[in-house]
Amino acid sequence: MDLAAVRAALHSATRVAVLTGAGVSAESGIPTFRDAQTGHWARFRPEDLASPPAYARDPEMVWEWYAGRYRDVLATQPNAAHHLLAQLEAQKGPGFFLATQNVDGLHHRAGSGTHGGQVVELHGNLLSGRDEVTGETFPLAAPDQLVTPPTSPLGNRMRPNVVWFGEYLPEDALEAAQDAFATAEVALVIGTSGAVYPAAGLAAETLRRGGIAIEINPTETEISHQMTFNIREVASRGLASLFQPA
């Protein structure tokens with residue numbers, strides 16, 4: 001299958017499912033989780049900052065880490081890849097589904113989820129906290145007003161609204177993603193290493209049902225060999241190449 005055929009397939013598809021990873025947000029200047037462990041934080045293992053035992057042991061330290069990432073995320077802007085995916089949703093409407101492993105909220109800020117499609121955040125969202133008693137999520141206060149650990153409007157302490165090591169993905173989000181990829185004619189896998197399951201297995205659902213899967217990543221990944229077509233580019237340029245006339 002050549003690029004022209006891939007463009008034609010994407011253009012004609014009525015059901016498109018997308019999985020995005022850290023590579024999409026990298027162009028906005030957002031480091032990966034491990035790349036963000038610099039300076040004071042370099043001495044900590046990921047499990048020291050993002051696991052239930054770490055939070056139980058020292059919630060103040062964990063919140064200090066996440067509050068810093070929260071400030072950094074709000075200082076960034078969606079990039080061309082985010083906007084192109086919002087544009088694709090506008091074309092496909094209810095047939096568009098986007099599952100992201102990113103927790104920065106940039107897809108929503110670019111307009112995804114406002115054109116009839118669906119967006120699910122598999123790993124949560126840095127911009128909100130989760131009530132430790134009820135499980136409800138609430139937006140965090142502005143960075144200059146945020147007191148950590150924050151309290152929900154219900155009066156309970158909140159934890160970061162992200163999936164930690166040792167925790168399962170949100171069941172409803174994962175089920176929605178699995179259903180969308182199973183029924184998609186075209187799957188796009190963008191900027192993710194393909195190493196973390198079950199998200200890495202989503203495109204296989206599309207392939208199993210006779211659809212095609214397109215990977216956009218500057219380097220080969222653990223699932224590249226499964227793909228119908230690979231585009232060795234960063235997210236923005238790879239997506240732009242698909243938006244050329246079919």
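**Buried aromatic residues, sheet pairing and helix packing**

Both W65 and Y66 are buried. This description, like all that follows, rests on a predicted model. For Y66, the relative accessibility comes to 4%, and because a residue is taken as buried under 20% relative accessible area, Y66 falls into that class. Y66 is found in helix α5, and R69 is also placed in helix α5. At 14% relative accessibility, R69 likewise counts as buried. In the UniProt record, an unreviewed entry, the feature "binding site" is placed at Y66 and R69, and according to the record's general terms such annotations may be inferred rather than shown by experiment.

The arrangement of the aromatic side chains was examined next. The count of aromatic pairs comes to 2. In one of them, Y55 and W164 form a tilted pair, with 5.2 Å from centre to centre and 45° between the planes. Y55 belongs to helix α4 (residues 52-57), whereas W164 lies in the loop between β6 (158-162) and α8 (171-183), so this pair ties together parts of the chain that are 109 residues apart in sequence. Y55 and W164 are both buried. An edge-to-face pair is formed by W65 and Y66, whose ring centres are 6.4 Å apart and whose planes stand at 75° to each other. The ring of W164 also has a charged residue over its face, since R159 lies there at 3.8 Å from the ring centre.

A further link between distant parts of the sequence involves P53, which lies in helix α4. The C-alpha atoms of P53 and F165 are 9.7 Å apart in space, although the two residues are separated by 112 residues in sequence. P53 has a relative accessible area of 51% and is therefore exposed, as the class requires a value over 50%.

Attention then turned to the strands. An open sheet of 3 strands follows the order β5-β4-β6, and its pairing is antiparallel. The edges are occupied by β5 (137-139) and β6, each of which has a single partner strand, so one side of each is left without a neighbour in the sheet. On average, and with direction ignored, neighbouring strands of this sheet are turned by 45° against each other. Strand β4 (residues 124-131) is joined to β5 by 3 bridges, the two strands running antiparallel, and the bridge partner of S128 in β5 is P139. Helix α5 (residues 59-74) packs on this sheet, touching β4 and β6, and its direction makes about 140° with that of β4. On the other pairing, β4 and β6 are connected in the antiparallel sense over 4 bridges, with P160 of β6 serving as the bridge partner of G129. Strand β6 is mostly covered, 5 of its 5 residues being buried.

Parallel pairing is found around strand β2 (residues 96-100). Strand β1 (residues 16-20) pairs with β2 in the parallel sense over 5 bridges, and the bridge partner of V16 in β2 is F96. Strand β3 (residues 118-121) is joined to β2 by 4 bridges, again with a parallel run, and here L98 has V119 of β3 as its bridge partner. In strand β2, 5 of the 5 residues are buried, so the strand is largely enclosed by the rest of the structure. In a regular strand the side chains alternate between the two faces of the sheet. Both faces of β2 are covered, with F96, L98 and T100 buried on one side and F97 and A99 buried on the other.

Helix α10 (residues 235-242) was considered last. This helix is mostly covered, as 6 of its 8 residues are buried. The buried residues of α10 are A235, S236, G238, L239, S241 and L242. An α-helix has 3.6 residues a turn, so residues three or four places apart point the same way. The packing partners of the buried residues of α10 include both helices and strands: the helices are α1 (3-12), α2 (22-26) and α6 (80-92), and the strands are β7 (186-190), β8 (212-216) and β9 (229-231).

Technical notes
Residues numbered from 1 in each chain as written. Predicted model: local features only at pLDDT ≥ 70, side-chain atom pairs only at ≥ 80, totals over all residues. Heavy atoms only, no water. Buried < 20%, exposed > 50% of the residue type's maximum accessible area, 1.4 Å probe, protein only. Contact = heavy atoms within 4.5 Å. Phe/Tyr/Trp six-rings, centres within 6.5 Å; stacked < 30°, edge-to-face > 60°. Lys NZ or Arg CZ within 6 Å of the ring centre and 35° of its normal. Pairing = 2+ DSSP bridges. Axes fitted to C-alpha atoms, helices over the stretch in contact; angles between N-to-C directions.
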